[in-house]
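This briefing is meant to be read slowly, with the sequence and the three-dimensional view side by side. Please look at the chain as a whole before turning to single helices and residues.

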Amino acid sequence: ARARGARRPAPGRGGSTSHVGPPTWQSSAARSGNRPYSGDPIAAQARACTRSCQAMRSRGRSGDGSGPSASMALPATTWALGILSRMPTFLASLIVFCTSAGVLVLEILAGRLLAPYVGVTLETYTGIIGTVLAGIALGSWQGGRLADHRDPRTLLGPTVAVGGLLALACLPIVRVFGPAFAGRDPLAIVTLAFLGFFAPAAVLSAVTPMVVKVQLDSLRLTGPTVGRLSAVGTVGALFGTFVTGFVLLAAFPTPPIVIAVGIALVAAGLALWTWLPRQDSGPQQPPVIAGAIALAALGLYVGTPCELETAYFCAAVVPDEEQASGRVLILDTLRHSYVDLDDPTHLEFEYARSVVDVIDAQFPEGRPLDVLNVGGGGFTLPRYLAATRPGTQNLVLELDPELIRLARPELGLRPSPQP
C-alpha cells in the first residue's frame with residue numbers, strides 16, 4: 001500500500017500505534033513507544049488493514065486515483081498475514097503433544113532417580129506428583145501471561161530448548177543434593193523433588209498456552225482450539241506415562257533415558273527457534289547447544305550411589321564392617337540380601353531363616369530337593385540349599401539380568417549348567 005503512495009495514518013487520526021503483529025513488522029510508532037505485545041489474532045491484523053484500505057478507497061473516490069489499486073490490497077495483505085502468523089495445526093498439536101509427554105516422562109523417571117536417596121514408597125510418589133503438578137500449574141499460568149505480552153512465536157523455540165536443558169540438569173542436581181536429603185522424611189522428599197523436577201515441568205508446561213495463542217484466529221474459534229490442544233496435551237501425557245513405565249524403564253537404565261529426552265527437547269527447541277520468527281536481542285543458539293553438551297556430560301560424571309544401575313534398581317554390594325567375608329546387596333535404599341563368601345550356611349536375615357525352618361520342617365534333613373526360586377537377589381537361599389542338601393537342583397527365575405552379572409564377581413555366584 002505504501003508503494004502506491006498511501007500515507008501512514010498519523011496517531012489519533014484513524015491509525016493504530018499498538019502492536020498487532022510480531023515485532024518484526026510492527027510500526028515504528030509502536031517500537032518507539034516500547035508498548036507491550038498486545039496479542040496476535042489474525043482478526044486484529046485484518047481490522048488494521050481494513051482501516052488502512054478504507055482510507056485509501058476514500059481518497060480514491062475523492063479523485064487521487066489510488067482507489068482501485070488500494071482496494072486490491074486488503075485480501076492480499078490479510079492472506080499474507082494469515083500465512084505468517086498462524087502456525088500449522090499439525091505442528092501446533094505436535095509441539096503440545098511432545099512437551100506434555102516430556103513432562104510425564106520426567107515425572108515417571110523421577111521415582112527411579114530419587115529411589116537411591118529416599119526409597120520407593122507412597123510418600124516418594126506423593127512428593128513427586130505434587131511437585132510436578134505445581135510446576136504444571138505455574139508454567140501454564142506464566143506461559144499464558146508471557147504470550148499476551150510478547151509474540152509467542154519468538155518464545156516457543158527458546159522455551160522448549162530451555163525445558164530440555166532443565167531436563168538434562170535434573171540428573172546432576174539430584175545426584176549432588178541427594179545425599180543431603182537422604183531419608184524418608186516428607187520434607188526431604190518434597191525438597192529433593194522440587195530441586196530436580198519443578199523447573200523443567202514448569203517451563204515445558206508454559207509451551208501449551210503459547211501455542212494456543214498462536215493458533216487462535218478469532219474469539220469465535222476459541223473453544224474448539226483450546227479444547228483440541230488440551231486433548232492433545234492429555235494424550236501426550238498418557239503416551240509419555242505408558243511408554244516410560246512399560247517400555248523404556250524395562251529396557252534401559254534411567255540416566256540414558258533422561259539424557260535422551262533432554263537432548264530431544266533441546267533439538268526440537270533449536271529447530272523451532274530457527275524456523276519461527278525471533279527477535280535479534282534474545283539468547284543465542286550456540287550457548288544453548290554448549291549448555292546441553294555440558295549438562296549431559298555432567299549428569300554422567302557426577303557420582304551416583306549405584307554400583308550398577310539396572311532397569312529396575314540402583315544396585316550396590318557393600319562389605320560388612322563386622323565380618324570380612326560378609327557382603328550386603330543393597331537395592332535402592334533396601335538391604336536386600338546378605339551373603340557370607342566363606343560360609344554359605346550363614347543366614348543373616350530373619351526372613352531367610354524362617355524360609356529354611358519351613359523347608360526343614362517339611363522335608364528330612366539332608367534330602368536333595370528340586371527347588372524353583374522366584375527371584376534371585378543375592379542368591380542366598382540357593383547357595384544354602386546347595387550346601388546343606390547336596391544334590392539339590394535350584395532353578396532361579398531372576399527378572400533383572402544385571403543382578404546376575406553383578407552377583408558373579410561380587411557375591412561369588414557360580415551357576416551350574418542346566419541339565
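A residue is called buried when its relative accessible area is under 20%, exposed when that area is over 50%, and partly exposed in between. Val-243 has a relative accessible area of 24% and is therefore partly exposed. The structure shown is a predicted model, and the points below begin with the whole chain before moving on to helix packing and then to individual residues.

**The chain as a whole**

- The secondary structure of the protein chain is made up of 15 helices and six strands.
- The protein chain has 419 residues, and 43% of these count as buried.
- The surface that the protein chain exposes comes to about 21500 Å², and 64% of this area is supplied by carbon and sulfur atoms.
- Among the contacts in the protein chain with a separation of 6 or more, 67% are accounted for by residues that lie 24 or more positions apart.

**Two helix pairs that share α9**

- Two packed helices are described by the angle between their axes and the distance between the axes.
- Helix α5, which covers residues 89-118, and helix α9, which covers residues 207-215, have axes that come within 9 Å and cross at roughly 170 degrees. Because an angle over 145 degrees counts as roughly antiparallel, α5 is described as roughly antiparallel to α9.
- On the α5 side of this contact are Thr-89, Ala-92, Ile-95, Val-96, Thr-99 and Ser-100, and they meet Val-207, Thr-208, Val-211 and Gln-215 in α9. Sorted by class, the residues of the contact of α5 with α9 are five nonpolar, five polar and no charged.
- Helix α8, which covers residues 186-205, packs with α9 at an angle of about 5 degrees, and the axes of α8 and α9 are 5 Å apart. Since an angle under 35 degrees counts as roughly parallel, α8 and α9 are roughly parallel to each other.
- The residues of α8 that take part are Val-203, Leu-204 and Ser-205, which meet Val-207, Thr-208 and Pro-209 in α9. The contact of α8 with α9 has four nonpolar residues, two polar residues and no charged ones.

**Two loop residues with a positive phi**

- Most residues other than glycine have a negative phi, and this general pattern is useful to keep in mind when reading the next points.
- Asp-332 is not a glycine, yet it has a positive phi of about 60 degrees. Asp-332 sits in the loop between β3 (326-331) and β4 (334-340).
- Asp-332 counts as buried because its relative accessibility is 11%, and its side chain makes a polar contact with the side chain of Arg-112 at 3.4 Å.
- When residues up to four places away in sequence are not counted, Asp-332 touches Arg-112, Ala-115, Pro-116, Val-120, Tyr-312, Phe-313 and Cys-314.
- Phe-379, which is not a glycine either, has a positive phi of about 60 degrees, and its place is in the loop between β5 (370-374) and α14 (380-388). With a relative accessible area of 6%, Phe-379 is buried.

**Helix residues and partners far along the chain**

- Ile-257 lies in helix α11, which covers residues 254-275, and it is buried because its relative accessible area is 5%.
- Although Ile-257 and Leu-106 are 151 residues apart along the chain, their C-alpha atoms are separated by 9.2 Å. Leaving aside neighbours within four places in sequence, Ile-257 is in contact with Leu-109, Leu-248, Leu-249 and Phe-252.
- Ala-188 is placed in helix α8 and counts as buried, since its relative accessibility is 11%. The C-alpha atoms of Ala-188 and Gly-127 are separated by 9.3 Å, while the two residues are 61 residues apart along the chain.
- Val-243, the partly exposed residue introduced above, is found in helix α10, which covers residues 222-251. Val-243 and Val-105 are 138 residues apart in sequence, and the distance in space from C-alpha to C-alpha is 8.3 Å.

Key. Residues numbered from 1 in each chain as written. Predicted model: local features only at pLDDT ≥ 70, side-chain atom pairs only at ≥ 80, totals over all residues. Heavy atoms only, no water. Axes fitted to C-alpha atoms, helices over the stretch in contact; angles between N-to-C directions. Helix = DSSP H or I, 4+ residues; strand = E, 2+ residues; numbered from the N terminus. Parallel < 35°, antiparallel > 145°, perpendicular 65-115°, else oblique. Contact = heavy atoms within 4.5 Å. Nonpolar A, V, L, I, M, F, W, Y, C, P; charged D, E, K, R; others polar. Buried < 20%, exposed > 50% of the residue type's maximum accessible area, 1.4 Å probe, protein only. Areas by Shrake-Rupley, 256 points an atom, 1.4 Å probe, with all protein chains shown as cover. Polar contact = N/O pair within 3.5 Å; in protein donor to acceptor, adjacent residues only side chain to side chain.
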